[in-house]
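Me: I am new to this one. Could you walk me through it, and tell me what backs up each term you use?

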Amino acid sequence: MPEYTGYRGTSLEFLKSNNLVVGDSVKITSDLTYSGIIMPRYEHQDDKHIVLKLNSGYNIGLDLDQISKVEKLSSSEKIRNIEQKIKKNPSLPNILLLSTGGTIASKVDYRTGAVTPILTAEELNSSVPELSKMANIDTEVLFSEYSENIMPDHWLQIANKLVEFADSKYSGIIIAHGTDTMHYTSSFLSFALAGYPIPVVLVGSQRSSDRASSDAALNLIGATRFLVECKTNGVYVVMHHDESDETISCHYGTRVRKNHTSKRSAFETIGDNPAYLIIDDKIQKNAKDDYFKTSEFTPKINLDARVALVKYYPGYRADLLEKIIDMDYRAIIFEGTGLGHIGKILYDNVKKAHEKGIFLGMTSQCIDGRVGMTVYESGRDLLNLGIVPLENMIPEVALVKAMWVLGNSDNPEEIKKIMLENISSEMSK
Amino acid sequence: MSEFSFEDAGVKVGLEIHQQLNTNKKLFCNCPPIESDEYTKKFQRKLRAVKSELGEYDPAALFEKSKSKIISYYANSQSSCLVEEDEEPPHNLDKDAKNLALIIASSLKSNIFSEIYPMRKTVIDGSNTTGFQRTMLISQGGFIEVEGKKIGVQSICLEEDAAKLIGDQGSIREYSLDRLGVPLVEIALEPVEGKPSQIKKIALSLGKLLRSTKKVTRGIGSIRQDVNVSVKDGGAVVEVKGVQQLDQLEKIVEFEAKRQYGLIKIAEKLKKSKFEEITKDSVREITDDWKSCKSKIIQKALKDNSIIKVLKIPDFAGMFGYSPYEGIRLGKEIGQLVKFYGIGGVFHSDELPNYGIEEKDIEIVKNLLKINENDAFLIIAAPAVKIDLAIESIINRINFANKGVIAETRLATPNGDTVFLRPRPGASRMYPETDVPPIIVTKKELEVAEKNIPKSWDESLKELHEKYNLNFQLAEQVFDSKYIDLFEKISSKPQINPTFVASILCSSITNLERNGLNSKLLTNEEIEKTFEYLQNGKITKESIEIIFENIMEGKSNSLDEAIKNTSIETLDEAKLEEIIEKISNENKGIIENQKERAIGPLMGIAMKNLRGKASGEMINKLLLKNIKKILGN
């Protein structure tokens with residue numbers, strides 16, 4: 001813990017002039033006498049209080065103006081972090097756990113008072129002792145970022161890391177990841193590492209691991225169970241199936257979406273049952289086909305992030321689309337209405353974009369279902385203007401796929417062809 | 001065995017009162033606290049022990065975890081939402097609950113913090129879906145005056161109530177979410193020396209102070225008290241939970257003081273013995289050696305694939321059975337300890353042979369562990385997953401026996417004893433609630449709270465007495481009821497007898513409730529309207545109870561409906577006279593026999609037919625008129 005976390009201005013002066021740092025045990029006389037440990041303060045708070053953890057465990061804020069006496073009892077108590085070394089069992093399979101951050105690795109952050117991803121993969125592993133009975137788990141921290149701060153460059157970083165382990169002692173790989181953008185990452189890995197020989201699962205949690213009710217433990221247990229026993233490959237997202245700590249769902253990484261802000265079961269396979277269900281030590285298979293449509297591992301770890309995702313709505317302004325076209329975007333994925341429509345008001349711009357050589361793909365804001373652009377005249381108009389219907393691809397998946405395709409090809413015909421080719425179960429029959 | 005003397009023990013008792021706040025919504029969401037009789041949702045969870053802010057595990061949490069239970073929750077969407085299910089972060093702290101907590105803290109002259117930190121208090125017995133109770137320390141210090149003496153306040157917290165336990169079947173525990181999240185104020189008082197009867201007075205005074213705010217919940221379970229009990233030279237404070245009624249308090253404090261004093265005596269005796277300490281090395285499994293033991297308990301354990309182990313305690317002979325006071329023995333303490341792991345009990349050497357365990361079985365054990373006559377031993381049978389955890393806690397308990405009282409949390413039993421519940425939780429059970437930012441208390445809020453400090457109980461009663469001419473008993477009844485506001489509203493109207501109103505509100509409705517009727521069906525609006533009808537002569541005094549009974553039975557939804565359903569609309573005088581005349585003529589015999597005294601039996605007959613349809617006064621008048629007429633003939 002840094003010495004003065006969160007303290008500034010008057011309160012920082014107060015600590016310094018009394019020769020105190022965060023973690024010190026003190027006795028403070030104010031209206032009453034309080035004994036406790038000085039705790040960090042959150043950045044968004046004022047500089048007129050100090051935070052004290054009383055012996056009862058409660059934290060309180062004491063008004064500096066009312067403090068008449070401060071007495072230091074003992075120096076900074078080290079926040080204990082006892083590393084538990086886990087013994088390996090040579091008869092068990094090996095699993096690699098890569099941590100990238102997210103709620104699953106979060107605990108209290110003294111900068112803001114909210115949670116932040118700072119648990120190491122090692123800590124995660126040791127906090128779930130059940131894991132070591134199923135597999136020997138090696139851990140590595142790639143980075144510690146929340147979902148929203150994960151950028152396409154991070155995808156490349158993860159993919160490049162995985163390539164190293166394509167042919168290794170590991171039976172499978174777990175990636176601990178923030179949930180908000182987990183399905184973008186799983187999609188990219190699915191395309192960039194098509195044919196990857198061992199199963200990869202992305203695991204997150206909706207309740208941070210610092211609470212007794214966290215879903216992290218069971219998600220990790222389910223993920224490990226799956227990797228050890230599934231005898232298949234592919235990229236999956238593994239999370240709670242419902243509100244109970246009972247069943248774990250294993251979703252195809254290109255057919256999954258976060259459909260609730262806070263529930264444990266926020267992730268759902270769109271338009272189908274989850275590929276696998278894990279109940280205790282049993283795995284129930286629903287998936288009918290292989291995840292990757294190629295049996296050969298052909299990594300293509302490139303991308304071009306110049307793809308825009310445009311959600312059409314009544315009132316969408318043509319000049320906004322015009323701006324996007326005038327920028328350096330190479331592809332636009334539309335999230336159209338219903339079967340895949342956008343208003344007449346955009347036709348001229350769409351035409352211009354097509355002429356400029358921008359790839360134009362259509363998905364639906366219904367999320368579930370296939371686009372069908374020959375049913376209504378507006379659909380046919382759009383087809384004529386050069387928009388490519390992207391079957392039942394989830395809009396975000398189509399976005400990521402376009403980034404990947406553009407990173408690997410400059411040829412418009414080839415781009416269109418690959419966009420419509422089923423690589424990693426992103427489209428269903 | 002000696003007599004226990006309460007006075008010599010130097011007993012100190014600290015009260016901790018938990019009072020539900022009647023804000024009609026929960027502390028961190030807007031669900032109303034309704035009791036469900038049916039549940040539309042069920043789900044299951046497992047809770048895990050997690051590290052505290054300082055990187056330590058809470059001992060009580062580890063203890064709970066070691067019992068590895070599955071928890072089932074039952075929910076009803078009327079009384080709980082995703083917040084209670086731990087499927088959504090808490091909403092903002094409810095303002096009403098905050099303000100009420102500030103008023104209560106102000107009335108107790110407690111020092112309110114200007115920055116309040118919501119904390120997570122680890123509770124992983126399943127009573128909170130999150131695995132913690134949200135709690136915040138509002139203030140410290142202050143006092144309450146009881147019979148001229150100031151009793152210090154230690155702390156006041158605002159927190160969430162826990163889920164209600166509705167079933168416990170071995171490995172599965174069941175809770176309902178109705179009560180989870182209801183705001184509670186927890187007031188901890190300074191420990192005081194004194195008789196249990198004085199403690200009871202303090203509890204009553206504090207209860208009255210809280211109820212004076214008129215915004216706290218009443219009824220069973222809405223106020224709960226824990227007591228912290230310690231004795232002189234005991235060295236530890238024991239927290240006793242689950243004291244349901246104040247009447248129980250005296251017995252519990254007395255028992256607990258006796259138990260603690262007994263433990264000190266046991267420790268003294270042990271200090272004089274050669275006993276030092278035991279470790280896991282003195283444990284041995286005897287499952288196979290006891291295959292032929294005839295004890296039913298042992299045979300059942302063997303059938304269930306349990307493991308049997310024996311623990312040797314050198315130089316401990318006689319200590320399990322030593323009973324300094326009646327019912328206080330180390331053997332009993334250990335029996336209770338293992339019960340909390342779901343293990344039926346233990347056999348110790350001081351009670352054997354017995355329970356079907358024979359001399360030859362004991363010989364086997366003695367030979368295996370080289371036990372001589374100065375040593376004690378203890379037999380435990382339990383499933384493999386639990387047995388070592390249980391033995392570890394037994395070893396700890398025995399090693400502590402020469403130190404006296406152990407700081408722990410105990411549970412009050414209905415007959416006034418206390419039993420082991422869990423180790424006393426420490427500071428490591430607290431973690432900041434990262435989902436809720438710290439709460440600022442402004443000067444303005446403090447001023448408002450100060451202004452809203454309610455009048456004291458006695459002052460309020462005096463006022464009611466003076467303003468409405470109520471006697472003190474009725475004044476107290478109506479003041480302490482949920483109808484005080486309604487009473488004042490109705491009684492402020494002219495030509496209403498406040499004493500009559502108060503007695504209807506307090507005794508008539510309460511009587512009907514005691515007969516199992518539901519007072520919730522009777523709304524304040526309907527009660528008010530009833531008194532209006534009474535004033536207008538539409539109904540009689542006598543019919544009020546009939547009307548209320550009808551509504552509270554659920555037979556009618558409104559006053560008008562009830563009047564129709566019970567056909568008690570006041571009869572006009574002509575009709576009434578006609579009926580009375582008929583009754584008088586039909587009972588001429590009685591009148592001729594008893595003369596004027598016939599009014600008694602006739603009144604009974606008339607009331608049977610006319611109750612609620614006319615006032616007793618009027619019936620009496622008309623009957624007398626008719627009697628005179630008949631006698632005059």
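Reply: One term first: two strands pair if DSSP finds at least two bridges between them. Keep in mind that this is a predicted model.

Me: What makes strand S19 (residues 331-336) and S20 of chain A a pair?

Reply: The cut-off is at least two bridges. S19(A) and S20(A) have six bridges, in the parallel sense. Therefore they count as a pair. At one position, A:Phe334 stands opposite A:Met362 in S20(A).

Me: How do you know that S20(A) also pairs with strand S21 (residues 388-389) of chain A?

Reply: Two bridges join S20(A) to S21(A). At least two are needed, so they pair. These strands run parallel. A:Met362 turns up again here: its bridge partner in S21(A) is A:Pro389.

Me: Which helices go with these strands to make β-α-β units?

Reply: Helix H8 (residues 347-355) of chain A goes with S19(A) and S20(A). Helix H9 (residues 377-384) of chain A goes with S20(A) and S21(A).

Me: Why is the unit with H8(A) called right-handed?

Reply: Point the strands away from you. In a right-handed crossover, the path from the first strand over the helix to the second runs clockwise. The unit of S19(A), H8(A) and S20(A) is right-handed, so its path runs clockwise in that view. The unit of S20(A), H9(A) and S21(A) is right-handed too.

Me: Why is strand S20 (residues 359-364) of chain A described as largely enclosed?

Reply: A buried residue has 20 or more other C-beta atoms within 10 Å of its own. Five of the six residues of S20(A) are buried, so the strand is largely enclosed by the rest of the structure. For chain A as a whole, 47% of the 429 residues count as buried.

Me: Why is A:His260 called partly exposed?

Reply: A:His260 has 14 other C-beta atoms within 10 Å. Buried needs 20 or more, and exposed needs 12 or fewer. The count of 14 falls in between, so A:His260 is partly exposed. A:His260 sits in the loop between strand S14 (256-258) and strand S15 (267-269) of chain A. A:Asp180 is 80 residues away from A:His260 in sequence, with 10.0 Å from C-alpha to C-alpha.

Me: What is the overall make-up of chain A?

Reply: Chain A has eleven helices and 21 strands. Its C-alpha trace spans about 80 × 60 × 35 Å along the principal axes.

Me: How many residues of each chain are in contact across the two chains?

Reply: There are 41 residues of chain B in contact with 32 residues of chain A. Contact here requires C-beta atoms within 7 Å. On the side of chain B that touches chain A, strands S2 (41-45), S6 (119-122), S7 (132-140) and S22 (430-432) of chain B each give two or more residues. That side has 19 nonpolar, eleven polar and eleven charged residues.

Me: What makes strand S4 (residues 59-63) of chain A and strand S5 (residues 115-116) of chain B a pair?

Reply: Two bridges join S4(A) to S5(B), and these strands run antiparallel. The cut-off is at least two, so they pair across the chains. A:Gly61 has B:Glu115 as its bridge partner in S5(B).

Me: Which strands of chain B are the edges of the open sheet in the order S16-S17-S19-S18, and why?

Reply: The edge strands are S16 (283-285) and S18 (346-348) of chain B, each pairing on one side only. The four strands of this sheet pair in the antiparallel sense. Three bridges join S16(B) to strand S17 (residues 307-313) of chain B. There, B:Glu285 has B:Lys309 as its bridge partner. Helix H7 (residues 359-369) of chain B lies across S16, S17 and strand S19 (376-382) of chain B, at about 60° to S17(B).

Me: What does strand S9 (residues 149-160) of chain B pair with?

Reply: S9(B) pairs with S7(B) over five bridges. Strand S8 (residues 143-146) of chain B pairs with S9(B) over four. Seven bridges join S9(B) to strand S12 (residues 183-189) of chain B. B:Ile156 is the partner of B:Ser139, and also stands opposite B:Ile187 in S12(B).

Technical notes. Residues numbered from 1 in each chain as written. Chains lettered and ligands numbered in written order. Predicted model: local features only at pLDDT ≥ 70, side-chain atom pairs only at ≥ 80, totals over all residues. Nonpolar A, V, L, I, M, F, W, Y, C, P; charged D, E, K, R; others polar. Axes fitted to C-alpha atoms, helices over the stretch in contact; angles between N-to-C directions.
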